[in-house]
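Student: Could we zoom in on one part of this protein and take it slowly? I'd like to see how a single piece sits among its neighbours.

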Amino acid sequence: SITNATDGNDTVNWILSQPWSNGVIIGKGVSALGITQNFLSGASPNGLDGQYITKSTANLYDSVYYGGVFCRSAIEGFLLTQNFDSQALQDFIAHPIYDSFWQQFDQTKRQNLRDYPVVIVTGWYDIFLRESVNNFETLRINGSELTKNESKLVISLSAHGSNNGAIQWPSDASFPAGYSELGFMESYMF
């Protein structure tokens, strides 16, 4: 469930206890799974060595109430595709201002718990561009020295999902060298 903050710790501990585990854990997630990664960091699990978070938010309020305006269509669609209980929508609607309900979903307030490098990837046309930049800024302000010095923000020429050819990206609009997911994983896992 959206409020079960112990799932991340349980998962990390389970991985570390497996005979095939080399003891290094890098979390990754795109969009909704990136939100899960942000919740994982807020749970402060021991054993997490890095995260690669793509096109996501660390503060649900800012995404549900963009500039204070309820984003009904996007939120209803998200909750439906992610199989949330219908009560989640009612809970979101019942809290139109940032309050204690939203604080439990605001991982930007827990950046001091991160002590590992984080790569945050977003796109200039991504629905989470503002939230991704804010996530990175709060990492740089409140994270550990390691997190501050080793974390990166990558903004590519992209949208949230596939644009199905609607936008013709320039041929030189490739992902910046050295910031690929595989490169990050190889740098910190081996």
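Student: Which strands does helix 2 lie across, and at about what angle does it run to strand 1? Please take me through the surroundings too.

Tutor: Sure, just keep in mind that this is a predicted model. Helix 2 lies across strand 1 and strand 2, and its direction is at about 140° to that of strand 1.

Let's start with the two strands. Strand 1 covers residues 25-30, and it pairs with strand 2 in the parallel sense over six bridges. To go from strand 1 to strand 2, the chain passes through helix 2 (residues 32-42), and this β-α-β crossover is right-handed. If you want landmarks along the pairing, find Ile26, which stands opposite Gly50 in strand 2, and then Gly29, which stands opposite Ile53.

Now look at the other neighbour of strand 2. That's strand 5 (residues 118-125), again paired in the parallel sense, over four bridges. Here Gln51 has Val118 of strand 5 as its bridge partner. Is strand 2 mostly buried or exposed? Six of its seven residues are buried, so the rest of the structure largely encloses it.

Step back and you'll see the whole sheet: four strands in the order 1-2-5-6, open, with parallel pairing. Strand 1 and strand 6 (152-159) are at the edges with a single partner strand each, so each has one side without a neighbour in the sheet. On average, neighbouring strands are turned by 15° against each other, ignoring direction. Helix 7 (residues 129-142) packs on this sheet as well, where it touches strand 5 and strand 6, and its direction makes about 150° with that of strand 5.

Finally, follow the chain just past strand 2. Lys55 sits in the loop between strand 2 (48-54) and helix 3 (60-64). You might be curious why Lys55 counts as buried. Its relative accessibility is 11%, and buried means under 20%, so Lys55 makes the cut. Leaving aside residues up to four places away in sequence, Lys55 touches several others, including Ser31, Thr122, Asp126 and His160. Ser132 is worth finding too: it is 77 residues away from Lys55 in sequence, yet their C-alpha atoms are 6.9 Å apart in space.

How values were computed:
Residues numbered from 1 in each chain as written. Predicted model: local features only at pLDDT ≥ 70, side-chain atom pairs only at ≥ 80, totals over all residues. Heavy atoms only, no water. Buried < 20%, exposed > 50% of the residue type's maximum accessible area, 1.4 Å probe, protein only. Contact = heavy atoms within 4.5 Å. Pairing = 2+ DSSP bridges. Right-handed = clockwise from strand over helix to strand, strands pointing away. Axes fitted to C-alpha atoms, helices over the stretch in contact; angles between N-to-C directions.
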